Amino acid sequence: MGGSSTVRVVVAKPGLDGHDRGVKVVVRALRDAGVEVIYTGLRQTPEMVVNAALEEDADAIGLSVLSGAHMTIFSRVMELLAENDARDIAVFGGGIIPEAEVPELEAMGVAKVFTPGTPTSEISEWVRENIRPQHAGASGAAG
């Protein structure tokens, strides 16, 4: 019964960073833009994030990383998606990420990196224009 055209995004705050004000603002902006957001909260491991995306039939994963561990975290998420044959789940994110490291993240398959000061309207617009509902409406196993 309906809902198959809604984009589903798992948003997570991986690592030990406890600063979540910014990610909560982004979550609200995405919801206001009509995106279905599953916010997993603080201190998530890459394994927890990917498992949530798989369980929720997410179309994308959004990561907020302020701790400086972005290269390790994004790399591990991409690796886990590949291991689970889920490369069709787009990954985007933001945080304190040096501009010089953005090309390396993109090379590993990260679809988009938002740096500090990016307006929430730009993030919402990018999600609406670039993420397509692929998993919604797919019959999932109960479990």
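Is Phe 114 buried or exposed? Let's keep that one in mind, and I'll come back to it once we have walked through the fold. Hello everyone, and a word of caution before we start: what you see above is a predicted model.

Let's begin with the sheet. It is an open sheet of 5 strands, in the order β2-β1-β3-β4-β5, with parallel pairing. At the edges sit β2 and β5, residues 112-114, and each of these pairs on one side only. From one strand to the next, the twist averages 20°.

Now let's go through some of the pairings. Strand β1, residues 8-14, runs parallel to strand β2, residues 36-44, with 6 bridges between the two. If you want a spot to look at, find Val 9, whose bridge partner in β2 is Val 37. On its other pairing, β1 is joined to strand β3, residues 60-65, by 4 bridges, again in parallel. There you can find Val 10 opposite Ile 61 of β3. Over at β4, residues 90-95, 3 bridges make a parallel connection to β5. Gly 93 is the residue that stands opposite Val 113 of β5.

Next, the helices that lie on this sheet. Helix α1, residues 21-32, joins with β1 and β2 in a right-handed β-α-β unit. That helix lies across β1, β2 and β3, and its direction is at about 170° to β2. Helix α3, residues 70-83, also packs on the sheet, where it touches β1, β3 and β4. The direction of α3 makes about 160° with that of β3.

Let's stay with β1 for a moment. Why do we call this strand largely enclosed by the rest of the structure? Because 7 of its 7 residues are buried. Here is a bit of background: in a regular strand, side chains alternate between the two faces of the sheet. In β1, one side carries Arg 8, Val 10, Ala 12 and Pro 14, the other carries Val 9, Val 11 and Lys 13, and all of them are buried. Both faces of β1 are therefore covered, with 7 of 7 residues buried.

Arg 8 may catch your eye in that list. This residue of strand β1 has a relative accessibility of 16%, so it counts as buried, the cut-off being under 20%. Which residues does Arg 8 touch, leaving aside those up to four places away in sequence? They are Glu 36, Ile 38, Glu 56, Asp 57, Ala 58, Asp 59 and Ala 60.

One of those contacts, Asp 57, takes us to the loop between α2, residues 46-55, and β3. Asp 57 has 28% relative accessibility and so counts as partly exposed. Its C-alpha atom is 9.0 Å from that of Ile 89, although the two residues are 32 apart along the chain.

Now for the aromatic rings, which bring us back to where we started. A search of the whole structure finds 3 aromatic pairs. In one of them, Phe 92 and Trp 126 have ring centres 5.5 Å apart and planes at 55°, so we call the pair tilted. Phe 92 belongs to strand β4 and Trp 126 to helix α5, residues 120-130, so this pair ties together parts that are 34 residues apart in sequence. Phe 92 is buried, at 4% relative accessible area, and Trp 126 counts as buried at 13%.

Trp 126 also pairs with Phe 114, and this time the arrangement is edge-to-face, with 6.0 Å from centre to centre and 80° between the planes. Here the link runs between strand β5, which holds Phe 114, and helix α5, which holds Trp 126, over 12 residues of sequence. And that opening question? Phe 114 is buried, with a relative accessible area of 5%. Taken together, the ring pairs link Phe 92, Phe 114 and Trp 126 into a cluster.

One last stop, in the databases. An unreviewed UniProt entry lists residues 6-134 as "domain: B12-binding". Over those residues, the chain of our model is 41% helix and 24% strand, and the end C-alpha atoms are 9 Å apart.

If you want a route for your own first look, start from β1 with its 7 buried residues, then head for the cluster of Phe 92, Phe 114 and Trp 126. Thanks for listening!

Technical notes. Residues are numbered from 1 along each chain as its sequence is written. This is a predicted model: local features need pLDDT of at least 70, side-chain atom pairs count only at pLDDT 80 or more; totals for chains, interfaces and linings use all residues. Side-chain values use heavy atoms; hydrogens and water are left out. Buried means under 20% relative accessible area, exposed over 50%, partly exposed in between (1.4 Å probe, protein chains only). Two strands pair if DSSP finds at least two bridges between them. A crossover is right-handed if, with the strands pointing away from the viewer, the path from the first strand over the helix to the second runs clockwise. Axes are lines fitted to C-alpha atoms, for helices over the stretch in contact, and angles run from 0 to 180 degrees between N-to-C directions. Contact means heavy atoms within 4.5 Å. UniProt positions are given in the numbering used here, feature names are shortened, and annotations may be inferred rather than shown by experiment. Rings of Phe, Tyr and Trp (its six-membered ring) pair if their centres lie within 6.5 Å; planes under 30 degrees apart count as stacked, over 60 as edge-to-face and the rest as tilted.
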